[in-house]
Structure formats: C-alpha cells, structure tokens
Amino acid sequence: MSSREILVIAKFTAQAGKADELSDAIKRCIEPSRAEAGNVHYGLYRSVENRHVFIIHETWKNRGAIDFHLEQSHFKTLIKETKVLISCEPVISTISL
C-alpha cells in the first residue's frame, strides 16, 4: 500500500429544488470525516455559476485511510441521503500526491 497522500474530488449535482437539502446532507459528514485519523483536509464548496453543484475536496494520508472512511457510518449515511437529492451520479476523481 502506498503511503502517499491522496486527493479526492467529488462533484455532486442537486436535483432542482434540492440544493439546500443536499448541502445539509453533505455538511453533516464534514466534522466526523475531519475527525478520522487519516484525514488531512475535508472541505465543501458550492459553485458560484450553478448553485446546484457542490464539490467535496478531501485529502487523505493514504489509500488505507480512504478505505477506512468508506466503511464509516457517516459516509454510508451521506451516500444514502444524497441518492434521492442528486440529479446524476457523483463524479469522483482520485489523485495521488
């Protein structure tokens, strides 16, 4: 397993009329994610041009930290809650730093 930090960028697009609900669902995942030992950075950003678009920018210590994150209840809750609020599948990019 690589010990290099990994950047994850996840783009979520809300259904019409669901942007605030999507924002709230994502925000509930921020603090518990930041509290994980393998987290370096976890930020939420909202597009200025299209207020239905949200970007989650995350940096993790290594692949093991991401794998751990994917098993946490707050992450699983995020996925469950956002499924009914998004207009398309999230676009997720992973970059080794």
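**Close-up 1. Asn39, a buried residue in a strand.** At 12% relative accessibility, Asn39 counts as buried in this predicted model. Look for Asn39 in strand β2, which spans residues 39–46. Which residues does Asn39 touch, once its neighbours within four places in sequence are left aside? Those in contact with Asn39 are Ser33, Arg34, Thr59 and Trp60. The side chain of Asn39 also has a polar atom that lies 3.2 Å from the backbone oxygen of His41. Another asparagine, Asn62, sits 23 residues away along the chain, with 9.0 Å between its C-alpha atom and that of Asn39.

**Close-up 2. The start of helix α2.** Stay with Asn62 for this view, and find a side-chain oxygen of this residue at the start of α2. That oxygen of Asn62 comes to within 3.1 Å of the backbone nitrogen of Gly64. Helix α2 itself covers residues 63–70.

**Close-up 3. The buried side of helix α2.** Which residues of helix α2 are buried? They are Ala65, Ile66 and His69. These three cover an arc of only 100° around the axis, so they are on the same side of α2. What lies over the buried residues of α2 includes three strands, β1 (6–13), β2 (39–46) and β3 (53–60), together with the helices α1 and α3.

**Close-up 4. A salt bridge between two helices.** Here Glu81 and Arg28 form a salt bridge, and their closest N and O atoms are 2.9 Å apart. Glu81 belongs to helix α3 (residues 73–83), while Arg28 belongs to helix α1 (residues 19–34), so this pair ties together parts that are 53 residues apart in sequence. With a relative accessible area of 27%, Glu81 is partly exposed. How many salt bridges does the model hold? The count comes to six, and two others are shown in the next views.

**Close-up 5. Lys18 and Glu21.** Another of the salt bridges joins Lys18 to Glu21, with 3.6 Å between the closest N and O atoms. Are these two residues buried, partly exposed or exposed? Lys18 is partly exposed, at 28% relative accessibility. Glu21 is partly exposed too, with a relative accessible area of 39%.

**Close-up 6. Glu71 and Lys76.** In this salt bridge, the closest N and O atoms of Glu71 and Lys76 are 3.4 Å apart. Glu71 is exposed, as its relative accessible area is 54%. Its partner Lys76 has a relative accessible area of 45% and counts as partly exposed.

**Close-up 7. Two cysteines without a disulfide.** A disulfide is a covalent bond between the sulfur atoms of two cysteines. How many disulfides does the structure hold? The number is zero. Cys29 takes part in none, and the nearest cysteine sulfur, in Cys88, is 19 Å away. Why does Cys88 not bond with Cys29? Their sulfurs are too far apart for a bond, because 19 Å separates them, whereas a disulfide needs the two sulfur atoms within 2.5 Å. The surroundings of the two residues are worth a look as well. Cys29 is buried, with a relative accessible area of 1%, whereas Cys88 is partly exposed, at 40% relative accessibility.

Key
Residues are numbered from 1 along each chain as its sequence is written. This is a predicted model: local features need pLDDT of at least 70, side-chain atom pairs count only at pLDDT 80 or more; totals for chains, interfaces and linings use all residues. Side-chain values use heavy atoms; hydrogens and water are left out. A salt bridge is a side-chain nitrogen of Lys or Arg within 4 Å of a carboxyl oxygen of Asp or Glu. Buried means under 20% relative accessible area, exposed over 50%, partly exposed in between (1.4 Å probe, protein chains only). Helices (H or I, at least four residues) and strands (E, at least two) are DSSP runs, numbered from the N terminus. The arc is that of the directions from the helix axis to the C-beta atoms. Contact means heavy atoms within 4.5 Å. A polar contact is a pair of N or O atoms within 3.5 Å; within protein, one must be able to donate a hydrogen and the other to accept it, and residues adjacent in sequence count only if both atoms are side-chain atoms.
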